[in-house]
2 protein chains.
Amino acid sequence: MADIPDRRARRRAETQDEILGLALGVMAEEGVAGLSMSTVARRLGVQPPSLYRYFPSRTAVYDALFERGQRQYLDAVRRAAEPHPPGLRALGASYEAGAQWIMDNQVLAQLLFWRPVPGFAPSPQAYAPALDIHAHFAGLIRGAVERGELHPDAAGDDGLALAASLIAGLVSQQLANEPDAGCTEGRYTRLVPRLPGVLASVYPPS
Amino acid sequence: MADIPDRRARRRAETQDEILGLALGVMAEEGVAGLSMSTVARRLGVQPPSLYRYFPSRTAVYDALFERGQRQYLDAVRRAAEPHPPGLRALGASYEAGAQWIMDNQVLAQLLFWRPVPGFAPSPQAYAPALDIHAHFAGLIRGAVERGELHPDAAGDDGLALAASLIAGLVSQQLANEPDAGCTEGRYTRLVPRLPGVLASVYPPS
DNA sequence: GAGTATTAGCTAATGGCATTAGCAAAAGCT
DNA sequence: AGCTTTTGCTAATGCCATTAGCTAATACTC
């Protein structure tokens with residue numbers, strides 16, 4: 001019956017995935033820090049200690065979710081920018097896609113961007129995509145500068161920090177105050193499309 | 001010995017205050033959601049159940065801290081604005097004082113603005129000052145409009161939302177990425193003094 | 001000052017949690 | 001078929017929040 005090189009490994013990976021999905025559900029209901037291995041085990045139809053065959057600790061579950069989230073988010077913002085040349089348009093598309101992803105994946109986003117879990121710090125490999133995310137936005141802003149859409153200062157340290165803070169601010173306000181609103185209706189996230197314009201008025205091309 | 005109307009009530013209030021202080025310390029070490037009644041009791045030199053004479057539950061401790069935080073923060077931003085007439089200058093001073101307070105009281109700030117504790121929602125009375133905070137900033141922005149420092153749109157829904165998001169963005173980025181930096185040195189919070197200028201370039205007076 | 005009510009502490013107990021140890025059955029491999 | 005690896009289980013440990021019930025001290029009343 002060895003029709004597939006490693007059947008067991010595949011089933012194992014499936015189970016791990018199922019555990020992560022259930023964990024997300026629990027976190028959505030109980031809060032990010034409210035993840036309970038026992039609850040996940042119950043929903044999986046298994047005794048709590050059996051989970052430890054798949055993840056060595058609760059922290060490891062967080063870490064796997066962290067990495068998965070980083071990759072999904074990076075994918076979302078990259079894909080959104082792809083159709084455009086690097087510049088303000090691409091930046092706007094990335095902003096919007098990022099905000100959308102965050103509102104659609106709130107618990108994952110909290111884990112990624114706000115670290116609400118005492119004792120959890122992402123492993124270096126789980127954190128790696130975060131650097132790519134930063135590089136992605138930096139690249140778009142440099143592109144906007146080269147196209148004459150922004151003042152060169154926008155690509156400096158302060159400009160990049162401000163650009164990152166603009167989106168972080170809208171999204172964090174939206175999550176804190178109106179977490180159930182859709183991205184396009186929320187009092188805060190509906191302003192996301194205006195961010196490229198905000199950046200341009202702060203850093204008008206020379 | 002009844003030299004003071006209610007001696008016991010005073011001692012009780014002192015103990016409650018001491019508990020809140022110890023709780024803040026534990027939260028600073030273990031994370032906001034890592035507050036443990038048992039740890040607080042140990043530090044107070046008392047058995048865990050005795051804490052329940054002072055707070056009916058762990059959630060009640062969070063609630064008391066929430067209210068205390070709201071009041072302190074409101075005080076800080078109000079006091080900073082006082083010397084100035086309502087306008088961009090006062091707004092800048094409030095922004096800076098608020099950012100400073102948050103960086104100096106990170107755990108309290110997380111409790112106030114990011115709700116990282118599953119199952120905790122502030123009671124209406126603990127939440128009350130939050131409305132005053134909003135009104136404070138709205139008043140400053142209206143003042144800036146009246147003084148001709150900002151376009152009237154700045155005092156609309158979108159303008160107020162953007163103004164709140166600007167400071168939220170810088171601070172949340174600072175906390176997430178460089179929590180140990182001082183407010184004036186941090187890559188993000190050092191941009192706080194520029195926020196009135198940012199707002200003015202987005203909403204230039206007609 | 002004696003008596004009474006209130007308060008603040010204690011210990012013991014309950015039920016939940018993450019995690020570890022050790023065992024038994026199943027699944028795959030040779 | 002026999003061996004190894006994997007996956008599940010139960011039992012146990014030590015933590016937690018919280019409740020119940022008791023005792024000593026503290027303050028108030030007469």
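Ala, Val, Leu, Ile, Met, Phe, Trp, Tyr, Cys and Pro count as nonpolar, Asp, Glu, Lys and Arg as charged, and the others, Gly among them, as polar. Sorted this way, the surface near DNA strand D has eight nonpolar, six polar and eight charged residues, where "near" says that a heavy atom of the residue lies within 4 Å of the strand.

A few ground rules help here. This is a predicted model, in which local features need pLDDT of at least 70, side-chain atom pairs count only at pLDDT 80 or more, and totals for chains, interfaces and linings use all residues. Residues are numbered from 1 along each chain as its sequence is written, chains are lettered from A and ligands numbered from 1 in the order in which they are written, and side-chain values use heavy atoms, with hydrogens and water left out.

Back to DNA strand D: 22 residues surround it, and the closest are A:Ser50, A:Arg53, A:Tyr54, B:Met37 and B:Tyr52. Of the strand's atoms that come within 4 Å of the protein, 69% belong to sugar and phosphate. The bases get some attention too: the side chain of A:Arg53 puts an N or O atom 2.3 Å from a base oxygen of DNA strand D. A polar backbone atom of B:Met37, meanwhile, is 2.4 Å from a phosphate oxygen of DNA strand D. As for helices (DSSP runs of H or I, at least four residues, numbered from the N terminus), α2(B) gives the largest share of this surface, four residues.

Now for DNA strand C. Here 22 residues surround the strand, the closest being A:Met37, A:Tyr52, B:Ser50, B:Arg53 and B:Tyr54. A backbone N or O atom of A:Met37 sits 2.4 Å from a phosphate oxygen of DNA strand C, and a polar backbone atom of B:Gln47 is 2.9 Å from a phosphate oxygen of this strand. The most residues on the surface near DNA strand C, three, come from α2(A).

Away from the DNA, B:Ser94 lies in helix α4 (residues 88–104) of chain B. B:Ser94 counts as buried (under 20% relative accessible area, with a 1.4 Å probe and protein chains only) because its relative accessibility is 0%. A polar atom of its side chain lies 2.7 Å from the backbone oxygen of B:Val77. Leaving out residues up to four places away in sequence, B:Ser94 touches B:Val77, B:Ala80, B:Ala81, B:His136, B:Phe137 and B:Leu140, with contact taken as heavy atoms within 4.5 Å.

Definitions and conventions: A polar contact is a pair of N or O atoms within 3.5 Å; within protein, one must be able to donate a hydrogen and the other to accept it, and residues adjacent in sequence count only if both atoms are side-chain atoms. Helices (H or I, at least four residues) and strands (E, at least two) are DSSP runs, numbered from the N terminus. Buried means under 20% relative accessible area, exposed over 50%, partly exposed in between (1.4 Å probe, protein chains only).
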